[in-house]
Amino acid sequence: MGRLQGRKEREPFVLEHASIATGDEKGTVQKDMSVLVSADGRIEQVCPTPLAYVPSGYHRINATGKFVAPGLINAHTHLFADGKPLSGGTDLSPRVVDAGLKVMHSPAGKVIMDARIKGNVSTLLNSGVTTIRTLGDVGYEAVRLRDKIDADELTGPRMLAAGPLLAIPGGHGDPFIALSCSSPEEARRRTRENLDHGVNAIKVAATGGVTDATKLGEAGSPQMTEEEMAAVCDEAHEFGVLVAAHAQSPEGVKAALKAGVDTIEHGSALDDEMIELFLDNPRSLRGFSALDPTLSAGLPLVKISQQELGINDIVRGNSELVVDGMVKSAKQAHENGIAVGVGTDTGMTFVPQYGTWRELDYLVRYADFTPAQAFHAATQVNARNLGFDSVTGSVDTGKDADLIVLDEDPAKNVRTLANPKLVIARGKPVWRPEVKHFEEIDRLLDSF
């Protein structure tokens, strides 16, 4: 697999005789096109190949028979794990928690974590993902990696890095990947603490979760209050930073929307009030809120046998309580014109870093999306949801060259996204992209 590469000068190039899969909702394709990419990594010309002016010195790439498309955007990733089964709920005694924290936050642990997330980000990039948002990190390792990529020290995807999420004491993610707070004032202070460490995304836990639940019914149970989440949103929005909320019940989703969060992660069945808040949310940063259903994180937990998943009774039981609501939420949001994005919850049990394409497949098979609409969600919709639509998400002149080259039209067959032939991140090509697969996990995911 191609790892994240060190400093490398960009070279201007042109993709010739390509079919462009635009990523719009209709699945528009432009045939026999050329895409010129300048030395600064931007798209400088998109036009029919016979009309293209290619300056001398440009590397020519013949894309006859191939489709050039916007790079995928994954709006919900975790980089501390690779997607093999997590052992949530098996032993969360204070002794084990304290030991785990000491290891992760020790100097040696930080070195290990830096190497692990670098490998996982490389996997994401090689799988065609050119923009990611992390939503729950051990510390600020993703911030450090983002800064190296932005400084051109490494070739990698564009990153929004959240650092640790914010939760109530003992709540979802605490203490492994969360900072705890128990009042609006403390929530505001924790938000500022993350911002001071350089994060450009924030996440809150509005409800309990599945993988770290210690009792049946914990997933979806309200945790952070509306007032606490509102304090987070007010602070983050002052600095132009979007807030995501883990929410897996109607009560949690509604409280998070009222507080002004910008994206709901996972979701639940929606009522009229929630639909209206998604579409017109006066407290959110940009006047609307979006949904990331993360079906990739939920469906395997109820579709695959508990023994094969390697999860305990509590995780299985909590999954059965919330996954149906996640699927319903995706359908309802789609039907009502809510901005539905693509995030997979990478790193969770049976959510490998290379499987972003599966989320699109699930949206088609379980949430009534067309393939074109699913690809649109992973590109143009996600770019808008994350505030990057002026620089990425489509194959347009002036935007960053975040591109993938495919064998087939992804607006007709999303499974072609599993095997990109070329990945380009801000003008830097990743030749012969390759990822290491977990064959048994892939087999089980292919079974439903």
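Before we start: a residue counts as buried when its relative accessible area is under 20%. Keep in mind that this is a predicted model.

**Exercise 1. Work out which residues of H11 are buried, and what that says about the helix.**

Step 1: Go along H11 and pick out the buried residues: Thr356, Trp357, Arg358, Glu359, Leu360, Asp361, Tyr362, Leu363 and Tyr366.

Step 2: That makes 9 of the 11 residues, so H11 is largely enclosed by the rest of the structure.

Step 3: Now look just past the helix. H11 is followed by Asp368, which has a positive phi, near 65°.

**Exercise 2. Classify the ring pair formed by Tyr362 and Tyr366.**

Step 1: Place the two residues. Both sit in helix H11 (residues 356-366), 4 residues apart, or about one turn of the helix. An α-helix has 3.6 residues a turn, so residues three or four places apart point the same way.

Step 2: Check the distance. The ring centres are 6.1 Å apart, and the cut-off for a pair is within 6.5 Å.

Step 3: Check the angle. The planes stand at 70°; over 60 degrees counts as edge-to-face, so edge-to-face is what we call this one.

Step 4: Check burial. Tyr362 has a relative accessible area of 1% and Tyr366 has 17%, so both count as buried.

Step 5: Widen the view. Ring pairs tie Tyr362, Tyr366 and Phe448 into a cluster, and the structure holds 3 aromatic pairs.

**Exercise 3. Find the arginines that lie over the faces of Phe288 and Phe388.**

Step 1: Over Phe288 you'll find Arg384, at 4.2 Å from the ring centre.

Step 2: Over Phe388 it's Arg158, at 5.4 Å from the ring centre.

**Exercise 4. Describe the largest nonpolar core and the surroundings of Leu417.**

Step 1: Start with the core itself. It has 109 residues, and Val204, Ile264 and Leu417 have the most contacts inside it.

Step 2: Ask who contributes. Helix H10 (residues 313-335) gives the most, with 7 residues.

Step 3: Zoom in on Leu417. Leaving aside neighbours within four places in sequence, its contacts include Trp357 and Leu360, along with Leu72, Phe375 and Ile404. Trp357 and Leu360 are among the buried residues of H11.

Step 4: Don't stop there: a second, separate core has 17 residues, including Phe13, Val395, Val405 and Leu422.

**Exercise 5. Decide whether Cys233 is bonded or free of disulfides, and buried or exposed.**

Step 1: Count the disulfides: the structure holds 0.

Step 2: Look for a partner. The nearest cysteine sulfur to Cys233 belongs to Cys181 and is 12 Å away, and Cys233 is in no disulfide.

Step 3: Cys233 has a relative accessible area of 0%, so it is buried.

Technical notes. Residues are numbered from 1 along each chain as its sequence is written. This is a predicted model: local features need pLDDT of at least 70, side-chain atom pairs count only at pLDDT 80 or more; totals for chains, interfaces and linings use all residues. Side-chain values use heavy atoms; hydrogens and water are left out. Rings of Phe, Tyr and Trp (its six-membered ring) pair if their centres lie within 6.5 Å; planes under 30 degrees apart count as stacked, over 60 as edge-to-face and the rest as tilted. Helices (H or I, at least four residues) and strands (E, at least two) are DSSP runs, numbered from the N terminus. Buried means under 20% relative accessible area, exposed over 50%, partly exposed in between (1.4 Å probe, protein chains only). A charge sits over a ring if NZ of Lys or CZ of Arg is within 6 Å of the ring centre and within 35 degrees of the ring normal. A nonpolar core is a set of buried Ala, Val, Leu, Ile, Met, Phe, Trp, Tyr and Cys residues joined through side-chain atoms within 4.5 Å. Contact means heavy atoms within 4.5 Å. A disulfide is a pair of cysteine sulfur atoms within 2.5 Å.
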